[in-house]
Every structure is written in C-alpha cells, then in structure tokens.
Amino acid sequence: MASIKVHLEKCTGCTLCVKACAFGAIHMSDRKAVIDMAKCTLCGSCVAACKFSAIEIEKAGGPKKDLSAYKDVWVFCEQKKGVIQSISFELLGEGRKLADKLGVKLCAVLLGHGMEDAAEALGERGADKVYLVDHPALKSYQDDPYTAVMVKLVEEFKPEVILCGASTIGRSLISRVAIKTNAGLTADCTGLDIDAKERLLLQTRPAFGGNIMATIIAPNHRPQMATVRHKVMQPAPVQPGRAAEIISKAYPEETFASRTRLLDIVEELTSTVNISEADIIVAGGRGMGSKENFALLEELAKVLGGAVGASRSAVDADWIPYSHQVGQTGKTVVPKLYIACGISGQIQHLIGMQSSKTIVAINKDPDAQIFKVATYGIVGDVNEIVPALTKEFKRVLNK
Amino acid sequence: MNIIVCIKQVPNTTDVRIDPVTNTLIRDGVESVINPFDAYAIEEAVRIKERCGGKVTAITMGPPQAENALKEAIGLGCDEGVLVSDRKFAGSDTWATSYTLACAIEKLETYDVILTGKQASDGDTAQVGPGISTHLDIPQVTYVKKIVEINDKAAKVERMTEEGYDVVETPLPCLFTVVKEINTPRMPSLKGMMRAKSAKITKWTAADLDADPAALGLDGSPTRVVKIFTPEARKGGEMISGSAGEVSKELAELLKGEVV
C-alpha cells in the first residue's frame, strides 16, 4: 500500500506544503510538517510544492514496465453526421507539436460510415496516418461499438499518446477505453507538453473550478490519454495537397454490436448557434429583468455573429433553455469575446467563462464581482446599453 | 427495481475563496456538501422508485466524514447508504475510484439502474461514471436529461449533446450520468430528516470487497499529480463610462479586432 512520509531532517518548516494541500491535511508542529492521515488523499500536491524534497510518497505499483512498443501520437477525430468536428483540428494542431517533440508520427483515428473523403482531408491537417474504420454502426456515436473498435486499434497499433476532445462524445468514449486498456486518463486538459527524456505527456488541467491547476502524468502506463478542452488549442492549418497514409481496418461483425440503440438525433433549433462552438457569446443574467429584455441579447448576438449564453438565474427564470447555461452546472466556454450583461459574477458562473480571451461586463452595480474578471467594464443599465451596442456594431460592421 | 446512486462529498464551491496575499485556496470554514450534480441523480433515483417501486441505495467512497453525505441522501428519499472507506483507497485516480465503486456495487445483491451526476464539482473529470459501467460491463448513457420511459427491462432516455439531444434506448441494467436539466431536486422532508438521523450506514473497507489490492488507491492509479499551482488571477481591466451611446462607440472601437 502506498504511503507518505515527511523527512524531518529536510523539512525547514517553510509551510509551502500547508498552502499547497487542498484538503487541509498538513499542519506545522515544532516547525516541522505533520500530515493528518485521516485527511490526506495522497494527491501529491505537497510533494510537488516542497522545495526541499522533504515529503515523499512511496508507491508499491510493480516494476517499471517495458513501454518501448508504444509509439505515435493519436488524435481521435470526432464526426457528427459525417462532418469532422472543429475540436479535431485543434487536437491535430496540438498533436503535431507533441509528435514532433517525441519524434514520432501523428495519426488520426476516424470512425464512421462513408468517410473516405474526410479521411483523405485529415492529411491536409497534418496527420501522417489515418486509421479509418468504416461501418454503418459507426455512423453516429454509440458507446459500445466505438469503445470496442478503439480498444482493438489500441491493442494492435499501441499508440504512445491519445488525445480526444473533452466533449460529450469524447469524455464518454475515452473513459471507457482507458479502463479497458488499463491506461491513465486526464480530463479536460488546457495545456499539454512533453518530457522528452522520460517520454511523458505532461497534462495540465484546472481543478476546483479553475482555482488551481494541476499537472498530471501517467509514468508507467501506455497509452497516455487526455481529453482536451475545446477552443484552447490552435487548430492545425490546412496544407493543401499534403497526403496521409490511410489504413482501413475491418473487424468481425460482433465488434460493432451495441446494447444501446440510438432512436433519434434532435437538434434544438434556437435562433443562436451552439455556445461551445461560438467565438463570441453575449450572455445575460438576472439583471436583464425579464424574458422580453432577454431577447435584446439575441439581437446583439445576431449582429456579432455570436451565440447567446446565460447565467443560472436566467435559466431558472425560464428566459432561455438550459443548453445556453454557462457555469459550473452548465457549460464551460472559451470564446474570444464574452459580453456579460446583467450578470453579477458569482463564482459558479465565473468558473465557466473566466478563460475567455476578452470579457466585457455591463452591470448597474459597480461592486459586482463580474468586473473583477472583465477586460472592459461598463456600469449602467443593460436595457439601454445593449440596444445602443447593437446599433453601434450594426453601423461599424455595415450590417 | 434496485436503484443505486453513486455520490461524492465535495467542498462547497460557493465557499471556495482565494487568499489574495498567498494566492492559495482558503479552506477554513469550507463546508462539505453533496456534489451538486449528484443531487439530481438522487432525485431521479427517488422518482424512478416512485414510478416503478423498489429500493434506492446511495453509495459513496470517501473519508469517514462522507457518512454525512449518505445521511443527507437518505433524508432526500434514499433507503440505504453504503460508505466505502479505507486508507487503502487514498490517492485513487478515476481508474481506481471507478474500480473500487464497481467492486462495492457488485457486492450488493442486484441492481437495475445506476445513477450518478455527470461529473463532480471538485475534479470535474466526468470519468468515474463511465469507468464504473465499464468495470461492471454494463451499457451506459451519459449526460441524460430525461428518462422518458423505464420498466424492469429497458429504458428510453434523452442524452444531452452539444447541439440538442439524442433519444437512446437501453436494456437494464444500465448506468446513467445525469445533467441538471433532468429534474428539480426536492427539499428534505421532516420525515426524511428523522429517518436520516437514525439511519444506519453500511460501512465497507477494502477487506470487505472482492478487489485486487494492487488496483486500489494510489498503487492502482495510472495517473499521478506532479505539480499544483495557482493560475494567475484574472485582473479587472478598464472601466468605460458615459452615456449609452458614448460607451457603445468606445467599446465598438476597442473590440474592433475581436468582432471582425
């Protein structure tokens, strides 16, 4: 069983570990760190924080495995209705850098039906190889066949790294694949890098709603798997004429069996585009006052070519469907521009939008929390300012 | 119908504050609560019981004080609580956590439906639900926003997607992870609170589970944290003032680069 200990001769009583512990498990006694084993979760934050190597976690975990058979960086390319989703291009962009640092090939994995042309096009996005599995059962995502095919591919070709979008499909699929292949998986990464010497994927992700960042590795397991947050990485540029080697794989029919059955795919036709994909989001909160006023946001979003987001209170008031909710119990978004209208900025909302590139806040309360994260703040009445903005942008953008 | 709901006790994010001087998390006085998404799973479990009859068992893996979360779940309508707690589980990542919970679920007699929140608010991984269903080798539907039909053998549910939702049919047993839209959780009833007070929580340690010791806790976890740091806090920027027309003009000018 794993254990943690403090090397008292090295501990200087500096308290860095106390601050690093998210579980309040460390206190100082006689200027030495003491770990409360009832609270410690062996998360390793204190080991990472200690500048004197005074804290050590001993892990039983068997002998170091021979991992040399594992090669290449894979990107799972998500498709819906035969269209490759934009997150896949972001993963190929990031995957290219990782593959170059490791000195290996970048491979795309594409599951679907009738996707040959799309597979060819992945070469232009930087893939050296494309593993293509074509079957009617893979046309739309279902957990069982997708998992079975991915596991077979991983077992045969042994990738070193697999990247997958932190989307509904990506998170559902890769969680299953990681269990089946006994691999380490890190969720929702916002930063990736390579330790070239140890051939490790350094996976950085937010935790506690973005209040802390953690870098995670999987030292003794392959493949190293990560889901990556949408819109954080730069998409791979198109290189016309660049070709990838296409490797088509067929499997016995039982591989494609699904216990669940997809009966229907419903796209909710709201007047605005999907907030996870939008580069510009105009969001409203309780301060909009009414459902009618909330409609003002749609006009501004339309002029800007953006989507409409909402705080939880606006959704709870039934001014807009839940699919538009940004924040802890809604979606995490990273647009280039986020315009927060009548949103006070409670921590649960900030968690979902504070990584946006530019944030504009409009609120009548000058002390509203939202101003603390805003690039530009305007104190005033949203019902006057939003229509004025719509008018101004119409003029500027010649719409 | 035997319904299992997997819950996690988490720090209440409303209370999580950053110390402006040291730039670290302030934990003093941070209350522990049931993960907000799991509250919807509990409510849905109780609603399925009300529709189909049966029993709801809440299960959690955590430190001894996680017993409080189970008592709260009983107050909200669950029938029984199981606490899986052992020092041997410390350091579990999502692989080891889902393995441990799957072992505990297998120890329960039978199950038809397993519910859990789409993710926990502290780790935000959304990996443990799918991990449990994979270890148990049962089907799953993630991000469920509505259980349209359910009987002893099968269920029809709506699964939230980025664009809308999928309608999916599944045989039981099946694991569902649920989103907020699925219901509005009820408040604990007085009767429920009384029951919670006197409820006896089943407690299992590693020795009670038919589990491979090497697959538990830190030893059974492929991933390891190597660094923790506080991101640079976003600073408030420029305030723009004037009439609605003036501020609009100024803002449009400032945002020129962003909106073209």
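In this predicted model, D318(A) sits in the loop that runs between helix 8 (312-316) and strand 20 (337-341) of chain A. Its backbone deserves a second look: D318(A) is not a glycine, yet its phi is positive, at about 75 degrees. The residue is also exposed, with a relative accessible area of 56%. For orientation, most residues other than glycine have a negative phi.

Another aspartate of chain A shows a positive phi as well. For D72(A), phi is near 80 degrees, and this residue is placed in the loop between strand 4 (55-58) and strand 5 (73-77) of chain A. The surroundings of the two aspartates can be set side by side: D72(A) counts as buried at 11% relative accessibility, whereas D318(A) is exposed at 56%.

Peptide bond geometry offers further points of interest in both chains. As a rule, most peptide bonds are trans. In chain A, however, R222(A) and P223(A) are joined by a cis peptide bond, with omega at about -5 degrees. P223(A) belongs to the loop between strand 14 (212-217) and strand 15 (224-228) of chain A. In chain B, a cis bond leads from L172(B) to P173(B), and its omega is near 0 degrees. P173(B), too, is a loop residue, found between strand 11 (164-171) and strand 12 (174-178) of chain B.

Readers who look for cysteine pairs will find that the structure holds zero disulfides over all chains. C43(A) is one of the unpaired cysteines: the nearest cysteine sulfur belongs to C21(A) and is 6.2 Å away. Since a disulfide is counted when two cysteine sulfur atoms lie within 2.5 Å, C43(A) is in no disulfide. With a relative accessibility of 24%, C43(A) counts as partly exposed. C46(A) is likewise in no disulfide, and here the nearest cysteine sulfur is that of C40(A), at 6.3 Å. C46(A) is buried, its relative accessible area being 8%.

Turning to chain B as a whole, its secondary structure comes to seven helices and 15 strands. The C-alpha trace of chain B spans about 70 × 40 × 40 Å along its principal axes. The chain has 260 residues, and 56% of them count as buried.

Among the buried residues of chain B is R159(B), which lies in strand 10 (residues 154-160). This arginine has no salt bridge; the nearest side chain of opposite charge is that of D166(B), 4.0 Å away. The side chain of R159(B) does have a polar partner, however, in the side chain of T142(B), with a contact of 3.0 Å.

At the surface of chain B, a nonpolar patch is formed by L190(B), M193(B) and M194(B). Together, these residues present about 360 Å² of accessible area. M194(B) belongs to helix 5 (residues 190-198) of chain B. Patch residues need over 30% relative accessible area, and M194(B), at 56%, is exposed.

Methods:
Residues numbered from 1 in each chain as written. Chains lettered and ligands numbered in written order. Heavy atoms only, no water. Patch = residues over 30% accessible without salt bridge, like charges linked within 9 Å, V, L, I, M, F, W, Y side chains within 5 Å. Areas by Shrake-Rupley, 256 points an atom, 1.4 Å probe, with all protein chains shown as cover. Helix = DSSP H or I, 4+ residues; strand = E, 2+ residues; numbered from the N terminus. Buried < 20%, exposed > 50% of the residue type's maximum accessible area, 1.4 Å probe, protein only. Lys, Arg positive; Asp, Glu negative; His and termini not counted. Polar contact = N/O pair within 3.5 Å; in protein donor to acceptor, adjacent residues only side chain to side chain.
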